[in-house]
Amino acid sequence: MRKTLLLLVPVLLLGACSWGITLDDAAKNVRTAWSGDVSSCRELGKVTVSVMNRVGPVDRNDIKVRDELEVLARNEAAKMHADTIKPLAEPADGSQPWGAYQCGANTVPPARSAAPAGSATGNAQTFPIKGH
């Protein structure tokens, strides 16, 4: 019984590391541009986030650490009113720098003046669709 308890404690400690790291509601609108071009976006700043990458002598799962770093970066970017983040370097010792950007206005082309439904626009004519 004592051996089982001793083996269970490290498992519980490792599992508890991600408790409390959740994506804020505002951060759900922040996308991650892993390799995307953000040159047309407005840079809002840089955030560096960190989590525990080791529990005592035990390394935590690399994927879990990376996921938590992304969640924290998205949360911080949302506070800056950014809609996009991009990693600036690989994680090191549980820490990672991210760039925060405002890309929303640059990714959506400006809308032309809206023509009323049923009117001709160029060579096409539009009509409203009736739902069932």
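## A partly exposed glycine

A residue is buried under 20% relative accessible area, exposed over 50%, and partly exposed in between. Gly36 has a relative accessibility of 29%, so this glycine counts as partly exposed. Gly36 sits in a loop. Strand 1 (31–32) lies on one side of that loop in sequence, and strand 2 (42–50) on the other.

Gly36 can also be placed relative to Lys86. The two residues are 50 residues apart along the chain. Their C-alpha atoms are separated by 8.1 Å.

## Confidence

This is a predicted model. The protein has a mean pLDDT of 78. Of its residues, 64% reach 70 or more. Confidence is highest in strand 6 (residues 95–102), with a mean of 97. It is lowest in strand 7 (residues 120–121), with a mean of 47.

Two stretches call for care. Over residues 4–8, pLDDT stays under 50. The model has zero contacts beyond four places in sequence for residues 4–8. Over residues 107–121, pLDDT also stays under 50. For residues 107–121, the model has 13 contacts beyond four places in sequence.

## The nonpolar cores

The largest nonpolar core has 14 residues. Val30, Val49, Leu69, Ala73, Ala77, Ile85 and Trp98 have the most contacts inside it. Strand 2, helix 2 (62–79) and strand 6 each supply at least two residues of this core. Helix 2 gives the most, with five residues.

Another core lies apart from the largest one. This other core has five residues, including Ala33, Val38, Tyr101 and Cys103.

## Helix 2 from start to end

Helix 2 has 18 residues. At 1.5 Å a residue, the helix should span 26 Å. Its end C-alpha atoms are 26 Å apart, so the expected and modelled spans agree. At the start of the helix, a side-chain oxygen of Asn61 reaches to within 2.8 Å of the backbone nitrogen of Ile63. After the helix comes His81, with a positive phi near 65 degrees.

Many positions along helix 2 can be named as buried: Val65, Glu68, Leu69, Glu70, Val71, Ala73, Arg74, Asn75, Ala77 and Ala78. An α-helix has 3.6 residues a turn, so residues three or four places apart point the same way. Among the elements that cover the buried residues of helix 2 are strand 1, strand 2, strand 5 (84–87) and strand 6.

Conventions
Residues are numbered from 1 along each chain as its sequence is written. This is a predicted model: local features need pLDDT of at least 70, side-chain atom pairs count only at pLDDT 80 or more; totals for chains, interfaces and linings use all residues. Side-chain values use heavy atoms; hydrogens and water are left out. pLDDT is the predictor's confidence in each residue, from 0 to 100. Helices (H or I, at least four residues) and strands (E, at least two) are DSSP runs, numbered from the N terminus. Contact means heavy atoms within 4.5 Å. Buried means under 20% relative accessible area, exposed over 50%, partly exposed in between (1.4 Å probe, protein chains only). A nonpolar core is a set of buried Ala, Val, Leu, Ile, Met, Phe, Trp, Tyr and Cys residues joined through side-chain atoms within 4.5 Å. The expected span of a helix is 1.5 Å times one less than its number of residues. A polar contact is a pair of N or O atoms within 3.5 Å; within protein, one must be able to donate a hydrogen and the other to accept it, and residues adjacent in sequence count only if both atoms are side-chain atoms.
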